[in-house]
Amino acid sequence: MPILTSQLFQIGAAFRNRFRRRAALVSTAGFAGLRTGKGLRRVRPLVVLILGFPLVSACVSFPGAPSLSGLAPGAGSSIGQREHPRVVTAYGGRYRDKDVEALLDNVTERLVAVSSNPRQNYRLTILNSPVVNAFALPGGYLYVTRGLLALANDTSEVAAVLSHEMAHVTENHAFQRQQRAQEAKLTNKVMTDAITDEMEAQIALSSSQISLASFSRGQELAADRIGVEMMVRADLDPYAAARFLTSMGRFGRFRAESLSTNANSPNFLASHPATPARISQVVQTARSFNVSNSERTAERARYLAAIDGLTFGDDPSEGYVRGRSYLHPKLGFAFELPSGYTLENSSDAVLAADKNGTAMRFDGIQIPAQLSLVDYMGSGWIGGLDPASIQARSINGLEAATANARAKGWRFRIVVVRLKDATYRFLFANADETTDLETDADQTLANFRRLGRSEKARLKPLSVKIMQVRRGDTVASMAARMQGVDRRHKLFLVLNGIQEGADLRPGSLVKIVVD
């Protein structure tokens, strides 16, 4: 677990921006565990080469990933083989479900048969992550998360994702983009060395970045077009791509609403085009084949039957987010944030934010048992600390300490609490002088508690349950059956691809979330 740096004002800004950015990118969570015994939140190794197109986030190469410079496309299989274990680890391991795996294997075979390279071998892995994501590694390594499977509503929607990723593989987009990036890097260096005027140099560099982003967007649109063409040849619904992109956008707005962010704000440097542009293209491509947008009830029923019981949200081994509460049965603690906060598990901490601009980070660290928390608070890991504000506390029989800090316009309230052999840290941050950080932090500390044996036993992971609509059922009545999630009505609509105000058809199947 990385120690907080003295640049606390940067951390505060990063908390808010990262949390909002993750919401806008349709990231339900990035989960990592607090290991039993160590009491430390595991930092997953994000030195993973992810070169395919995540339907939710941008095509990226993580820092520390090996370079593709100078490699021929045929060398991709060795890269995929080397990086595959790191990808699986970074996304919480492999998710096992025989029914879902059989369904995805079947649709993958159908798509491979009609692809531009039927001899290409593919290895599909379901990742144990609630993040809505899909991507590919060179060599035919395909990945979808269980979060994506929960959002999809039929086989064709998942096939649209897979065909898009296959197009990236067959078209060697990863290598093309890497080559263009290397060229841009060289060009930027030449421009920086040659142009003496700082403003002129920045304009030139920005132009180069926009050119690279445009090149990447072109690849995404090409993969969309090729993917739809594959869907038609495989006798799958070519309009499914538009449906899933629509669901993706709606889910992004659903996540962003709690933070008062605008998930639709344009970002022309993003490496993929805005969702409306992609939807427009895939619909036009589907129409060009004169394929009817017909109802595929049987296909939907088979898909929903396969994902019935799919784990939804938090993995059982990594704690649970339940509204404003975070509960970790293995480590035996729970806490609840004040009203207005939205919680999210990330890869290295539990994050939260409210609409007033306050951000919260929670993590765990080991410190020597003989070191008091007051002494730890003043040991130098907090920049801008006010030593006079350090105060020893005792909460629910647990040793704790609180303090305040200021740095570069940011205000911080820091809380540490000890449970067994682990120390847990809360950091609340806001730049607004009028925000009452102390009250929020103190209320949270007051709610930090041990979990009893019976409460641990009652905690179960959420799962997707398929229900048949009966006469008299409404969106409101079905949504009311959802458990363990916030804003049940809206989430029900998004998960089922249903528009506000629509009626449910008796006999149809819908997804709900239960514990």
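Helices (H or I, at least four residues) and strands (E, at least two) are DSSP runs, numbered from the N terminus. Keep that in mind, and remember that you are working with a predicted model.

**Exercise 1. Getting an overview**

Find out how many helices and strands the chain has, and what share of its residues is buried.

Solution.
- Step 1: Go through the secondary structure of the chain, and you arrive at 15 helices and 17 strands.
- Step 2: Now look at burial. The chain has 515 residues, and 55% of them are buried.
- Step 3: Finally, check the contacts with a separation of 6 or more. Of these, 68% are between residues 24 or more positions apart.

**Exercise 2. Checking a helix with a ruler**

Work out what helix H9 (residues 275–287) should span, and compare that with the distance between its end C-alpha atoms. Then find out where its buried residues sit around the axis.

Solution.
- Step 1: H9 has 13 residues, and each adds 1.5 Å. The expected span is 1.5 Å times one less than the number of residues, so H9 should span 18 Å.
- Step 2: The end C-alpha atoms of H9 are 18 Å apart, in agreement with the expected span.
- Step 3: List the buried residues of H9: Arg278, Ile279, Val282, Val283, Thr285 and Ala286.
- Step 4: Look down the axis of H9. The buried residues fall within an arc of 160°, so they line one face of the helix.
- Step 5: A bit of background helps here: an α-helix has 3.6 residues a turn, so residues three or four places apart point the same way.
- Step 6: Turn to the other side of H9, where Pro276, Gln284 and Arg287 are exposed.

**Exercise 3. One residue of H9 up close**

Decide whether Val283 is buried or exposed, and name the residues it touches beyond its neighbours within four places in sequence.

Solution.
- Step 1: Place Val283 first: helix H9 holds it.
- Step 2: The relative accessibility of Val283 is 17%. Buried means under 20%, so Val283 counts as buried.
- Step 3: Skip the neighbours within four places in sequence, and Val283 is in contact with Tyr239 and Ala242.
- Step 4: Compare sequence and space for Val283 and Ala241. They are 42 residues apart along the chain, yet their C-alpha atoms are separated by 8.1 Å.

**Exercise 4. How two helices meet**

Describe how helix H3 (residues 98–113) packs with helix H10 (residues 297–307), and say which residues make the contact.

Solution.
- Step 1: Know what to look for. Two packed helices are described by the angle between their axes and the distance between the axes.
- Step 2: For H3 and H10, the angle is about 140° and the axes are 7 Å apart.
- Step 3: Angles over 145 degrees would count as roughly antiparallel, and H3 and H10 are therefore oblique to each other.
- Step 4: H3 brings Asp99, Val100 and Leu103 to the contact, while H10 brings Arg302, Tyr303, Ala306 and Ile307.
- Step 5: Sort these residues by class: 5 are nonpolar, none are polar and 2 are charged.

**Exercise 5. The two sides of H10**

Find the buried residues of H10, what they pack against, and which exposed residues the opposite face carries.

Solution.
- Step 1: In H10, the buried residues are Glu299, Tyr303, Leu304, Ala306 and Ile307.
- Step 2: Around the axis they cover an arc of only 155°, so they are on the same side of H10.
- Step 3: The partners of these buried residues are H3, helix H4 (146–151), helix H5 (155–170), strand E16 (462–468) and strand E17 (509–514).
- Step 4: Flip to the face of H10 turned away from the buried side, and you meet the exposed residues Arg302 and Ala305.
- Step 5: Go just past the helix. Gly309, just after H10, has a positive phi of about 95°.

**Exercise 6. Positive phi without glycine**

Locate Asp235 and Lys420, and decide for Asp235 and Lys420 whether the residue is buried or exposed.

Solution.
- Step 1: Asp235 is not a glycine, yet its phi is positive, near 60°.
- Step 2: You find Asp235 in the loop between H7 and helix H8 (240–257). Its relative accessible area is 55%, and exposed means over 50%, so Asp235 is exposed.
- Step 3: Lys420 isn't a glycine either, and its phi is positive at about 55°.
- Step 4: Lys420 belongs to the loop between strand E13 (410–419) and strand E14 (422–430). With a relative accessible area of 68%, Lys420 is exposed.

Key:
Residues are numbered from 1 along each chain as its sequence is written. This is a predicted model: local features need pLDDT of at least 70, side-chain atom pairs count only at pLDDT 80 or more; totals for chains, interfaces and linings use all residues. Side-chain values use heavy atoms; hydrogens and water are left out. Buried means under 20% relative accessible area, exposed over 50%, partly exposed in between (1.4 Å probe, protein chains only). The arc is that of the directions from the helix axis to the C-beta atoms. Axes are lines fitted to C-alpha atoms, for helices over the stretch in contact, and angles run from 0 to 180 degrees between N-to-C directions. Angles under 35 degrees count as roughly parallel, over 145 as roughly antiparallel, 65 to 115 as roughly perpendicular and the rest as oblique. Contact means heavy atoms within 4.5 Å. Ala, Val, Leu, Ile, Met, Phe, Trp, Tyr, Cys and Pro count as nonpolar, Asp, Glu, Lys and Arg as charged, and the others, Gly among them, as polar.
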